[in-house]
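Visitor: I am new to this structure and would like a close look at a single part of it. Please take one chain, walk me through it with care, and then place it beside its partner.

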Amino acid sequence: MPRSLLNLSPRLRAPFFCAYLLVQLGLLLRAQRTPDLVFGFQMFNASSQLKISLFRKVRRHGRVRVVPVRDGVWESKDRAGTRHTYRWQDRVRDGHLNNLEQFVHASYGLDAQLYRLEFALRDFVRQLPEGEETEALIAEVDTRKNGRETAHVRLQADRQ
Amino acid sequence: MSAFGQAFRRFFGEERDALLLGLLRLALSTLLFFNGLRLVLEFYRDGYFADYFHMPLLPETWLPSRSGYQLLLGLQALAALCALLGFCSREALLTASCLGLYFLGCDRLQYHNNRYALLLLAFLLAFTPCDRAFLLVRGRRHTLPREQRSAPTFARRLFQIQVSLIYLGSTIGKLLDADWRGGQVLFMRFAKTPAVSATHGLPLPAWIIEILTSAWFANLAAKAAIGSELFIALGIWLPRTRRLALWLGLIFHVSIELSANVELFSWLMVASYLAFVVPEVRERRFEFARGKRRAELLARLVAVCDWCARFEHGPLSSASTDTAAFYVTNRAGQRATGALGLAQLAEAIPLFFPLWLPLALYAKLSARPGAQAASSA
């Protein structure tokens with residue numbers, strides 16, 4: 001008869017059973033309160049869409065200006081005067097978040113994608129080198145929840 | 001001992017035939033292997049996930065290095081392969097599933113419910129005696145004799161509960177979402193169907209387009225989808241409704257597989273239904289008439305497709321005066337031929353299971369009392 005370490009003794013079976021169920025139920029209930037419903041078994045996508053447009057907040061000649069980031073790419077000089085290219089798609093590979101200026105399907109719903117976008121903006125800003133002129137990265141997002149009228153959300157990640 | 005104590009002992013001490021758990025292991029380890037293979041391909045195509053934007057559920061310091069990740073990916077694929085072949089299969093299943101869960105924790109962006117469900121079910125299967133049948137490394141002696149296959153299967157109950165939870169979680173999510181409840185989500189999806197169909201060279205007739213793009217149809221479909229999921233989640237627990245719940249689930253997943261991209265989800269859920277099949281084997285009988293070509297063909301088909309070992313096969317005795325080509329005797333002792341016999345075959349053979357309800361309904365509608373079935377119990 002095959003012997004396995006995973007043959008739980010009769011004494012361990014009930015605690016294992018209860019512990020597993022409690023963890024699962026806890027995760028399932030917790031999932032209903034998270035934006036991306038992680039661990040919630042939300043198997044079917046909603047039919048929502050979003051369009052992301054990126055902008056940078058920069059200070060030039062003492063004035064704060066908001067400039068569009070075309071195709072997710074911009075160039076700027078560092079303190080030494082060397083030009084650098086920054087590309088949103090190089091850092092953000094997720095197919096829903098790196099498609100800019102066009103409506104894309106919001107997998108797991110709008111809340112999930114906006115939640116992830118907020119993190120992506122913060123992550124991108126954190127990666128910018130010292131001396132780069134961007135003060136904040138802004139995402140202007142048009143949303144269409146399940147075919148309804150377009151709404152607008154603005155997300156901003158400031159440089160610390 | 002109190003009634004509760006007896007029920008407790010029965011539940012946790014239950015010993016059943018583990019042949020089907022072996023079959024389930026084959027299915028789940030194959031899916032695990034493909035899931036691991038996808039990660040390996042993504043690694044070589046897109047690079048190491050932590051080199052770009054990721055959202056760990058675990059603390060960042062718990063994430064593996066690039067080479068560590070590469071190593072763990074290889075280990076996961078190897079473990080899934082070992083589980084498939086039956087080499088230290090339960091330990092391998094546990095390793096592959098735990099590694100998969102760890103990877104999900106490393107990056108929330110890689111989280112998908114179907115992947116999570118696969119890993120949880122594989123994790124639970126590791127605690128069942130799924131290493132007593134279909135051990136491919138043992139060649140022809142891949143399955144232990146019946147007396148050695150009987151083992152405690154309490155973890156099978158957990159597996160079944162997990163399957164129910166998946167459907168319940170999905171149902172609750174839809175019920176809480178007004179757009180899902182009201183049919184708006186499906187309305188948007190159906191509205192795209194005519195254009196998608198036309199681009200595939202299959203333009204739909206106007207009357208179908210009218211139905212697909214109507215709000216009432218989407219509303220009805222949403223209620224049907226939610227009702228179906230709820231029925232599957234609960235119906236699989238009751239012996240009277242289990243067969244219908246499994247049949248509905250099968251049709252539900254086939255339709256999802258055809259209409260949406262859900263990775264391995266449909267395959268996983270259909271495979272998981274094996275956990276709800278009565279574990280004991282060869283409790284039914286299939287007899288066929290020698291010399292009748294169709295009957296012999298059917299007998300061969302049954303022998304090849306009877307993966308769940310439901311039937312004892314054999315020719316009808318030569319003394320039999322019956323003219324029927326075959327007889328099927330089910331677990332209740334009901335002996336049948338014709339459409340009802342075929343329905344009884346279909347209900348026990350996975351590949352033919354989609355035909356079970358149509359055949360059973362046809363048999364019921366067309367049968368005269370006592371014409372097809374004769375109790376032999």
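Guide: What follows is a walk through chain A, ending with its contact with chain B. Please keep in mind from the start that this is a predicted model, and that the values below are computed from it.

Chain A holds 3 helices and 7 strands, and when one reads from the N terminus on, these elements come in the order α-β-β-β-β-α-β-α-β-β. The C-alpha trace of this chain spans about 75 × 45 × 25 Å along its principal axes. For a compact globule of 160 residues one would expect a radius of gyration near 15 Å, whereas chain A has 22 Å. Of its 160 residues, 28% count as buried. If one takes the contacts in chain A between residues at least 6 apart in sequence, 57% of them join residues at least 24 apart.

Let us now turn to the first two strands. Strand β1 of chain A covers residues 49-60, and it pairs with β2(A) in the antiparallel sense over 6 bridges. The two strands form a hairpin with 2 residues between them, and in that turn A:His61 has a positive phi of about 50 degrees. Within this pairing, A:Val58 stands opposite A:Arg65, a residue of β2(A). Strand β2 itself, residues 63-68, is hardly covered, for among its 6 residues the count of buried ones is 0.

Going on along the chain, one comes to the loop between β2 and β3 (73-77) of chain A, where A:Asp71 lies. A:Asp71 is not a glycine, and yet its phi is positive, at about 55 degrees. This residue counts as exposed because it has 11 C-beta neighbours inside 10 Å, and the cut-off for an exposed residue is 12 or fewer.

A second loop residue can be set beside it. A:Tyr108 is found in the loop between β5 (104-105) and α3 of chain A, and although A:Tyr108 is a residue other than glycine, its phi is also a positive value, near 65 degrees. Its surroundings are of another kind, however: A:Tyr108 is buried, because 23 other C-beta atoms lie within 10 Å, where 20 or more are required for a residue to be called buried. Thus a positive phi occurs both at the exposed A:Asp71 and at the buried A:Tyr108.

It remains to place chain A beside its partner. Chain B has 16 helices and 7 strands, and its C-alpha atoms fill a box of roughly 75 × 60 × 50 Å, taken along the principal axes. In chain B, buried residues make up 40% of the 377 residues, and among its contacts between residues at least 6 apart in sequence, 71% join residues at least 24 apart.

The contact between the two takes 34 residues from chain A and 36 residues from chain B. On the side of chain A that touches chain B, α1 (10-31) and α3 (110-127) each supply at least two residues, and α1(A) gives the most, with 8 residues. Sorted by class, this side of chain A has 20 nonpolar, 8 polar and 6 charged residues.

Note on methods:
Residues are numbered from 1 along each chain as its sequence is written. Chains are lettered from A and ligands numbered from 1 in the order in which they are written. This is a predicted model: local features need pLDDT of at least 70, side-chain atom pairs count only at pLDDT 80 or more; totals for chains, interfaces and linings use all residues. Helices (H or I, at least four residues) and strands (E, at least two) are DSSP runs, numbered from the N terminus. Two strands pair if DSSP finds at least two bridges between them. Two residues are in contact if their C-beta atoms, placed from the backbone, lie within 7 Å. Ala, Val, Leu, Ile, Met, Phe, Trp, Tyr, Cys and Pro count as nonpolar, Asp, Glu, Lys and Arg as charged, and the others, Gly among them, as polar. The radius of gyration is taken over C-alpha atoms; the globule rule is 2.2 Å times the number of residues to the power 0.38.
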